[in-house]
Amino acid sequence: MPVDTQRLAQQVMSRCDELAGCSSESGRITRLYLSEPMHAVHTRVTEWMRLAGLSPRIDHAGNCIGRLTSPTAEKALLIGSHLDTVPGAGRYDGVLGVLMSVAACHLLSGTSLPFHLDVVGFSEEEGVRFKMPYLGSSAVSGAFDPTWLDRTDANCICMRDAIKAFGLSPDAIADCKYAADEVIGFVEPHLEQGPVLERLDSPVGVVTGIAGQSRLRIVFRGEAGHAGTSPMEGRRDALVASAKLVRIVRDEAIRSSGLKATVGSLQVAPGTPNVIPGCVELTLDVRHLDDPTRETAVERLIAAGHRAADAEGCRMEVLEHNVHHSIQADDRLASLLSETVSEHATEPVLMESGAGHDAVVMGERFPMAMLFLRHPGGVSHHPDERVNVEDVVVGIEVLAEYLKKLSGHYQQVSLNTS
Ligand code: GLV
Ligand code: MN
Ligand code: MN
């Protein structure tokens, strides 16, 4: 087994490299929802799924799902992560979890499972193209709201048309949903995207919970005017007002333990050197493991934004406010994962996730667990993302052993309850 797993881990690394080449920008990894390079990713991933004995399909939300069919099973266990990226991404966020899951299926070949095993490459986790995260997993969990189909991207293409242009049917999104009683659970292997496992010198960690997240779209409206002739006094500069909020957001998060708050994008209109900015739209991302702390912080930041706008003669409006509450891993799935880690790798590090994952949306409807892999350097959403191949070996072995353990456990529970 160790020799085989070494080869599989090397293969996972080279497949991550190969998918990194599927990008809409040369020299950078950028793969947004329903973009052209996602077709190339699907061609490769479905081929690799077939080689691992899975039957792949693309659902109408653009998720790539390969099934290891169990002849006697009624229910499925889902395992995987996402295939989209942020602009200028690293090569492992999301992709690594999908490819490690495929590799675990190779290790399982010949083992019969009492459930179908569905390896999922979710189509959209990052929320870049339509400013809305978790679209693929929302379709699978049944949380997809059909009004989202009217959202438009930066080129004014609506999601409905983008889905059609990709060769799929937006009217069939509801068919992507798995019923709660046909799913045993969802397991997501993922790069840690932080420094904890590296500091503790551990190859893998077991996630206990994921931080809640508020994503807001905010607009500051002032008045545009001539940059050379308008007096400096009395200007209503929307960028000056929003810059005050950007600073307050950073300072508030530094003051409040565990709070992460980020203004990640800012659009200035008319956005030209010789015109006073009349309108600024920005995004605000606020996260904390404790939901009330996050909610209070968001209220404070909104109030501070209004004060900054008033002080500059502008108006501020919250255009959109989406929330994902913090979520706990399923006790049973997570403790079996910890047991597997301690039997086959090391004493498990139990840890919380500050990053969002498809497991947030899946966990709202199905039992979920997450396995983290050590992240050398801990830098993510950045080309410098790295993993150690030796840790990938451990990750694949743990996943395969975990699936066997879950099989035994599931059979026992089914027998006891039948
Ligand atoms: C996803 O990567 C997120 O945490 O925003
Ligand atoms: Mn990410
Ligand atoms: Mn991710």
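Partly exposed here means a relative accessible area between the 20% that bounds buried and the 50% that bounds exposed. His 381, at 40% relative accessibility, therefore counts as partly exposed. All the views below come from a predicted model.

**View 1. The manganese ion (ligand 2) and its protein donors.** Asp 93 (OD), Glu 126 (OE), Glu 126 (OE) and His 381 (NE2) are the protein donors here, and they lie 2.1 to 2.7 Å from the ion. Read along the chain, the donor residues follow the pattern D-x32-E-x254-H. Asp 93 sits in the loop between β3 (76–82) and α3 (95–108), while His 381 sits in the loop between β13 (368–373) and α11 (389–417), so this pair ties together parts that are 288 residues apart in sequence. Burial differs within the pair: Asp 93 is buried at 7% relative accessibility, whereas His 381 is partly exposed at 40%.

**View 2. The manganese ion (ligand 3) and the bridge to ligand 2.** His 82 (NE2), Asp 93 (OD) and His 190 (NE2) coordinate this ion at 2.0 to 2.2 Å. Their spacing in sequence is H-x10-D-x96-H. Asp 93 does double duty, coordinating both manganese ions, which are 3.5 Å apart. His 82 belongs to strand β3 and Asp 93 to the loop between β3 and α3, so these two tie together parts 11 residues apart in sequence. His 82 counts as buried, with 0% relative accessibility.

**View 3. Ligand 1 and the residues around it.** Look for Glu 125, Glu 126, Arg 287, Ala 355, Gly 356 and His 381 around this ligand. Oxygen atoms of ligand 1 come within reach of N or O atoms in three side chains: 2.7 Å for Arg 287, 3.0 Å for Glu 126 and 3.1 Å for His 381. On its own, ligand 1 exposes 190 Å², and the protein buries 92% of that. Glu 126 and His 381 also turn up as donors of the manganese ion (ligand 2).

**View 4. Strand β7 and its side-chain partners.** Gln 213 lies in strand β7 (residues 212–221) and is buried, at 5% relative accessibility. Its side chain makes a polar contact of 3.0 Å with the side chain of Asp 285. Arg 217 pairs with Glu 320 in a salt bridge (3.1 Å, N to O). That pair links distant parts of the chain, since Glu 320 is in strand β10 (residues 315–324) and Arg 217 in strand β7, 103 residues apart. Glu 320 is buried at 16% relative accessibility, but Arg 217 is partly exposed at 24%. Both belong to a salt-bridge network that links Arg 151, Arg 217, Glu 281 and Glu 320.

**View 5. Helix α7, with a salt bridge and a nonpolar patch.** Arg 255 forms a salt bridge with Glu 252, with the closest N and O atoms 3.5 Å apart. Both residues lie in helix α7, three residues apart, about one turn of the helix. Arg 255 is exposed at 63% relative accessibility, yet Glu 252 is buried at 8%. Leu 239, also in helix α7 (residues 238–255), joins Val 246 and Leu 266 in a nonpolar surface patch of about 190 Å².

**View 6. A salt bridge at helix α11.** Asp 391 and Arg 374 form a salt bridge, their closest N and O atoms being 2.8 Å apart. Asp 391 is in helix α11 and Arg 374 in the loop between β13 and α11, 17 residues apart. Asp 391 is buried at 3% relative accessible area, and Arg 374 is buried at 14%. A search of the whole structure finds 25 salt bridges.

Notes
Residues are numbered from 1 along each chain as its sequence is written. Chains are lettered from A and ligands numbered from 1 in the order in which they are written. This is a predicted model: local features need pLDDT of at least 70, side-chain atom pairs count only at pLDDT 80 or more; totals for chains, interfaces and linings use all residues. Side-chain values use heavy atoms; hydrogens and water are left out. Patches are made of residues with over 30% relative accessible area and no salt bridge: like charges are joined within 9 Å, nonpolar side chains (Val, Leu, Ile, Met, Phe, Trp, Tyr) within 5 Å. Accessible areas come from the Shrake-Rupley method with a 1.4 Å probe; for residues, only the protein chains shown count as cover. A salt bridge is a side-chain nitrogen of Lys or Arg within 4 Å of a carboxyl oxygen of Asp or Glu. Helices (H or I, at least four residues) and strands (E, at least two) are DSSP runs, numbered from the N terminus. Donors are N, O and S atoms within 2.8 Å of the metal (3.2 Å for Na, K and Ca); water is not among the atoms, so sites may look incomplete. Buried means under 20% relative accessible area, exposed over 50%, partly exposed in between (1.4 Å probe, protein chains only). A residue is near a molecule or strand if one of its heavy atoms lies within 4 Å of it. A polar contact is a pair of N or O atoms within 3.5 Å; within protein, one must be able to donate a hydrogen and the other to accept it, and residues adjacent in sequence count only if both atoms are side-chain atoms.
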